[in-house]
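Here are a few exercises to work through with the model open beside you. Try each task before you read its solution.

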Amino acid sequence: MMTTKNNRSHLIIIGLICSCYRCDSSVLSRHSPHGELAHAFIPCVSIAKTSSTRASSLDRKRARGLDDPPGSRMEGRITPREMIPPTNSIADAATAAAVVLNSATSNGRAAVAALTKTLYPASMIGTLGEAYFRTRKEMGCPRGAAVGYIAQILTILISIPMISIVKSSSPDIHSILQVDWLHFIESVLFWASIHVQCMSFREVVGNVERGEPSLPASALHYKPKTISILLLFGVTLVIAMGHYFSNPSSWHNTQLFGGWFNPPTPGRDFHMLGELSFLTWIFHWSMIMDYIMQLRCMWRWGDLTGNEKWKLYTLLHLPACLVNGIVLINHLHRDQITALRLLHPILVFVGSIATCYGSYAVAHINGWSMFGRNANGTVDGMADISFSAKDNLPKLIKGSDLSYTLASFAMGSLLAYCSLYLTV
């Protein structure tokens with residue numbers, strides 16, 4: 001009798017709790033990618049409530065000695081409530097909810113995968129188009145910035161098989177975030193490519209603002225920044241090989257640098273699956289700051305050259321900025337927000353088309369044409385650019401490139417430490 005009462009009380013409690021979800025299923029529908037979450041608890045509520053009612057009714061009948069006698073007209077009759085499959089424990093209700101929740105998650109992943117397979121390859125058209133225009137002499141883009149952009153495309157091409165390998169290594173791995181050292185490698189490669197672009201624009205803008213007689217080598221030639229990219233990518237490759245070969249049989253469980261660079265986090269002594277490490281966060285935040293500095297230099301480059309299309313080109317990077325924000329927010333939620341994962345490939349595609357058009361607009365007004373040089377063109381390379389407006393503008397570039405880089409890492413470290421506490 002005591003066991004029956006305990007089971008009955010447990011079922012009543014779970015029924016009351018779940019009834020709250022039943023009453024507000026419309027709210028749950030808005031938080032589920034396909035609405036399955038709202039219906040996950042409804043059958044569980046019915047089962048729990050029915051089981052509780054049946055147990056209570058049987059106990060009352062037995063207490064009064066009112067069990068249906070053999071041969072009575074009620075014996076063997078199935079009542080409406082008994083048509084619902086019985087449940088023997090709270091675990092049955094929880095299992096039913098878990099099945100539906102897993103189905104919703106699987107459907108969300110399937111939608112993301114379908115959108116990714118379509119839009120990411122399509123976005124490469126705009127990306128390659130922008131790379132083409134950046135390498136045209138009529139555009140007047142610093143050569144180092146073109147090298148950095150090509151390195152960014154190379155990083156994208158490296159990341160695609162990298163992510164596929166990670167997901168196929170274990171059925172429990174659904175994101176590269178779950179292998180932090182590999183995500184760190186990807187982050188460093190993206191940072192290196194964007195940092196080289198930022199430094200190229202920063203060097204040429206600072207050179208013009210200071211009134212130097214000639215442009216820096218990174219603006220006129222591909223070689224300086226190509227060497228920088230090769231060095232940065234080479235060091236990153238060595239780090240990747242070191243992590244892989246330190247534990248080849250279980251490489252996806254290897255900790256980034258053995259956890260030596262993880263700072264103490266008082267009040268937070270646990271690590272969640274998919275959570276970024278301190279070093280990975282540093283390169284994410286430094287990359288964002290480099291990207292913003294690059295856009296500021298591009299806007300200033302439009303001022304210095306008198307070409308307003310550079311400002312249009314800068315403004316058309318807005319979807320790419322939103323992509324960076326989405327990545328940061330989703331990383332803080334361990335890549336669990338399906339809506340943001342769906343929005344990411346859409347903005348990547350829109351951003352690639354927008355920046356491709358912006359680069360075309362700059363090259364076209366400077367004289368580029370599909371059928372040869374435009375007769376009204378004014379630029380035939382970096383050496384033809386005039387900087388008549390430079391004396392009327394305040395200086396944007398202050399300090400050396402090294403001091404800027406160190407300040408970027410210092411600020412990135414501070415934001416990275418805060419991100420460890422903000423991750424949920």
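**Exercise 1. Find where Arg300 and Asp303 lie, and work out how they pair**.

Solution. Start with the positions: Arg300 and Asp303 are both in helix H10, three residues apart, or about one turn of the helix. Helices here are DSSP runs of H or I with at least four residues, strands are runs of E with at least two, and both are numbered from the N terminus. An α-helix has 3.6 residues a turn, so residues three or four places apart point the same way. Next, check the distance: the closest N and O atoms of Arg300 and Asp303 are 3.8 Å apart, and the two form a salt bridge (a side-chain nitrogen of Lys or Arg within 4 Å of a carboxyl oxygen of Asp or Glu). Then look at burial: Arg300 counts as buried because its relative accessibility is 13%, and Asp303 counts as buried at 16% (buried is under 20% relative accessible area, exposed over 50%, partly exposed in between, with a 1.4 Å probe and protein chains only). Finally, follow the shared partners: salt bridges join Glu209, Arg300, Asp303, Glu308 and Lys311 into one network.

A word on conventions: this is a predicted model, in which local features need pLDDT of at least 70 and side-chain atom pairs count only at pLDDT 80 or more, while totals for chains, interfaces and linings use all residues. Residues are numbered from 1 along each chain as its sequence is written, and side-chain values use heavy atoms, with hydrogens and water left out.

**Exercise 2. Compare the span of helix H10 with its expected value**.

Solution. Helix H10 covers residues 278–305, which makes 28 residues. The expected span is 1.5 Å times one less than the number of residues, so H10 should span 40 Å; its end C-alpha atoms are 41 Å apart, which agrees. As for its surroundings, 24 of the 28 residues of H10 are buried. After the helix comes Gly306, with a positive phi near 75°.

**Exercise 3. What surrounds Asp180, given that it has no salt bridge?**

Solution. First place the residue: Asp180 is in helix H7 (residues 180–209). Asp180 is buried, and Arg268, the nearest side chain of opposite charge, is 12 Å away (Lys and Arg count as positive, Asp and Glu as negative; His and the chain ends are not counted). Now list its contacts, meaning heavy atoms within 4.5 Å: beyond four places in sequence, Asp180 touches Leu256, Glu275, Leu276, Ser277 and Thr280. Turn last to Arg268, which forms a salt bridge with Glu275, with closest N and O atoms 2.6 Å apart. Arg268 counts as buried at 8% relative accessibility, and Glu275 is buried at 3%.

**Exercise 4. Classify the ring pair of Phe184 and Phe257**.

Solution. Recall the rule: rings of Phe, Tyr and Trp (its six-membered ring) pair if their centres lie within 6.5 Å, and planes under 30 degrees apart are stacked, over 60 edge-to-face and the rest tilted. By this rule the count is 19 aromatic pairs. For Phe184 and Phe257, the centres are 5.8 Å apart and the planes at 80°, an edge-to-face pair. The pair links distant parts of the chain, 73 residues apart: Phe184 is in helix H7, and Phe257 is in the loop between helix H9 (223–245) and H10. Phe184 is buried, with a relative accessible area of 4%, whereas Phe257 counts as partly exposed at 30%.
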